[in-house]
Amino acid sequence: MITISLCMIVKNESGVLGRCLDSIKDLVDEIIVVDTGSEDDTIDVARKRGAKIFSYPWRDNFSAARNFSFSKAAMDYILWLDADDVLEPEDREKFRNLKEVLSSDISVVNMLYNAGFDRKGKVTFSYRRERLLRRRDNFQWQGAVHEAITPRGKVLDTDIAITHRKEGAGDPDRNLRIYEKQIAMGKTLEPREKFYYGRELMFHNLWSQAIRVLEDFLVTPGAWLENQVSACLDLSRCYQSIGDERGEIESLLKSLSYDEPRAELCCAIGSWWLRHSGWRQSEFWYRTALDCDAQAHPGAFVSLACYDYIPNIQLAVIYDKLGRLAEAAAANEAAGKVRPDDPSYLHNKAYFDNKLKEAEKK
């Protein structure tokens with residue numbers, strides 16, 4: 001059986017670190033916690049759970065801190081987590097089984113990262129991350145913010161999920177501040193950094209600046225396909241926010257020059273046509289969204305509702321506009337199977353039930 005070092009970087013995480021470590025401590029062989037300047041009880045929380053504690057001065061560089069944590073590991077493989085991550089019971093068992101059978105020739109194990117949830121806790125947004133790494137391959141993190149490791153060697157994709165249970169808002173300006181500090185110091189952003197810098201600008205409602213950065217990213221050589229596809233969707237949101245409908249739809253259609261349609265983009269195109277009363281065009285794109293496979297593109301940002309609930313709830317509206325009442329009711333019921341307590345589904349159900357009864361009387 002392989003051995004595993006859990007490596008973490010933390011700062012002022014006493015409120016969530018215990019929860020994280022309690023969900024994983026019996027599945028790993030050592031815990032490395034690198035503290036970057038905590039002023040609360042973070043270190044005590046980690047020490048009570050058997051962690052080896054190291055200090056590292058914060059330098060506005062997540063990769064540097066993570067690489068330092070990796071340098072302290074001594075086991076066969078390295079697992080990394082953030083303090084507000086947890087391993088849910090079902091995934092604990094999957095992880096335990098993986099540890100017992102993992103072949104030592106595997107360099108990288110990818111796991112799901114569940115990062116968005118609805119009111120009932122159902123996962124709505126997830127993507128894959130390089131999560132378990134063979135130590136002797138000496139993987140290095142890259143990027144001061146939104147850091148990543150470039151996989152190499154034999155890679156195993158699993159359905160084990162790390163669940164992100166964020167508490168509090170944190171510092172919403174931190175990432176943008178780090179990028180702009182780097183730019184001010186003369187750094188030329190790599191393609192991946194440029195993509196995430198554009199997204200940070202978008203998250204701060206700096207629409208015109210985000211458009212310039214994302215458009216530049218799309219013509220930058222060496223960009224990753226999934227980032228290119230996502231950038232098209234982000235650009236469409238920026239153009240919509242400034243009222244540029246032509247830029248919005250052109251950005252969405254541009255995504256088709258990179259790869260096959262993703263449901264997220266199909267829903268966005270369908271929404272554009274819906275706003276312009278293009279019922280049949282909108283129907284086409286929402287039906288196309290239903291044909292997309294949420295698991296087809298490892299590493300992509302996946303909004304799961306775009307693969308079932310959103311297309312069906314919108315098709316119910318479209319079919320009603322087209323006078324296809326039975327199809328409208330059926331589409332709404334398909335949406336209800338995914339979210340049976342959703343107010344939109346319940347409102348539509350009452351509406352269609354009433355219309356169908358009226359139709360039977362005629």
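Lys181 counts as partly exposed, with a relative accessibility of 43%. In this predicted model, Lys181 has a salt-bridge partner in Asp60, and their closest N and O atoms are 3.2 Å apart. Lys181 sits in helix H5 (residues 174–184), while Asp60 belongs to the loop between strand E3 (52–55) and helix H3 (62–71), so this pair ties together parts that are 121 residues apart in sequence. Asp60 is partly exposed too, at a relative accessible area of 25%.

## Salt bridges

The count of salt bridges in the model comes to 33. Here are some of them side by side.

| Pair | Closest N to O distance |
|---|---|
| Lys181 and Asp60 | 3.2 Å |
| Arg324 and Glu327 | 2.8 Å |
| Glu333 and Lys349 | 3.5 Å |

Let us look at the pair of Arg324 and Glu327. Arg324 has a relative accessibility of 22% and counts as partly exposed. Why is Arg324 not called buried? The word is kept for residues under 20% relative accessible area, and Arg324 is at 22%. Its partner Glu327 is partly exposed as well, with a relative accessible area of 36%.

The next pair brings in two helices. The side chains of Glu333 and Lys349 meet in a salt bridge of 3.5 Å, N to O. Glu333 is in helix H13 (residues 325–338) and Lys349 in helix H14 (residues 343–361), so the bridge links distant parts of the chain, 16 residues apart. Both ends are partly exposed: Glu333 has a relative accessible area of 32%, and Lys349 is at 31% relative accessibility.

Salt bridges can also join into a network. Which residues are linked in this way? Asp26, Arg92, Glu93 and Arg96 are linked in a network of salt bridges.

## Helices H12 and H13

Helix H13 returns here with another partner. Helix H12 (residues 309–321) packs with H13 at an angle of about 160°, and their axes are 8 Å apart. Angles over 145 degrees count as roughly antiparallel, so H12 is roughly antiparallel to H13. The crossing of these two helices is left-handed.

On the H12 side, the contact is made by Tyr309, Asn312, Ile313, Leu315, Ala316, Tyr319 and Asp320. On the H13 side, the residues are Leu325, Glu327, Ala328, Ala331, Asn332, Ala334, Ala335 and Val338. Sorted by class, the contact of H12 with H13 has 11 nonpolar, 2 polar and 2 charged residues. Glu327, the salt-bridge partner of Arg324, is among the H13 residues in this contact.

Ala331 is a good residue to pick out in the 3D view. Ala331 lies in helix H13 and takes part in the contact with H12. Is Ala331 buried or exposed? Ala331 is buried, at a relative accessible area of 7%. Leaving aside residues up to four places away in sequence, Ala331 touches Asn312, Leu315, Ala316 and Tyr319. These four names also appear on the H12 side of the helix contact. Ala331 and Pro311 are 20 residues apart in sequence, and their C-alpha atoms are 8.6 Å apart in space.

## Helices H6 and H8

Another helix pair is worth a visit. The axes of helix H6 (residues 191–203) and helix H8 (residues 225–241) come within 11 Å and cross at roughly 25°. Angles under 35 degrees count as roughly parallel, so H6 is roughly parallel to H8. H6 passes H8 in a left-handed crossing.

Which residues make the contact of H6 and H8? From H6 come Arg192, Phe195, Arg199 and Met202. From H8 come Asn227, Ser230, Ala231, Asp234, Arg237 and Cys238. By class, the contact of H6 with H8 has 4 nonpolar, 2 polar and 4 charged residues.

## Residues with a positive phi

Two loop residues round off the tour. His146 is not a glycine, yet His146 has a positive phi of about 50°. His146 is found in the loop between strand E7 (123–134) and strand E8 (155–164). His146 is partly exposed, with a relative accessible area of 25%.

Ser277 is not a glycine either, and Ser277 has a positive phi of about 60°. To find Ser277, look in the loop between helix H10 (263–275) and helix H11 (279–291). Ser277 counts as partly exposed, at 45% relative accessibility.

Terms used. Residues are numbered from 1 along each chain as its sequence is written. This is a predicted model: local features need pLDDT of at least 70, side-chain atom pairs count only at pLDDT 80 or more; totals for chains, interfaces and linings use all residues. Side-chain values use heavy atoms; hydrogens and water are left out. A salt bridge is a side-chain nitrogen of Lys or Arg within 4 Å of a carboxyl oxygen of Asp or Glu. Buried means under 20% relative accessible area, exposed over 50%, partly exposed in between (1.4 Å probe, protein chains only). Contact means heavy atoms within 4.5 Å. Axes are lines fitted to C-alpha atoms, for helices over the stretch in contact, and angles run from 0 to 180 degrees between N-to-C directions. Angles under 35 degrees count as roughly parallel, over 145 as roughly antiparallel, 65 to 115 as roughly perpendicular and the rest as oblique. A crossing is left-handed if the near helix is turned anticlockwise from the far one by less than a right angle, and right-handed if clockwise. Ala, Val, Leu, Ile, Met, Phe, Trp, Tyr, Cys and Pro count as nonpolar, Asp, Glu, Lys and Arg as charged, and the others, Gly among them, as polar.
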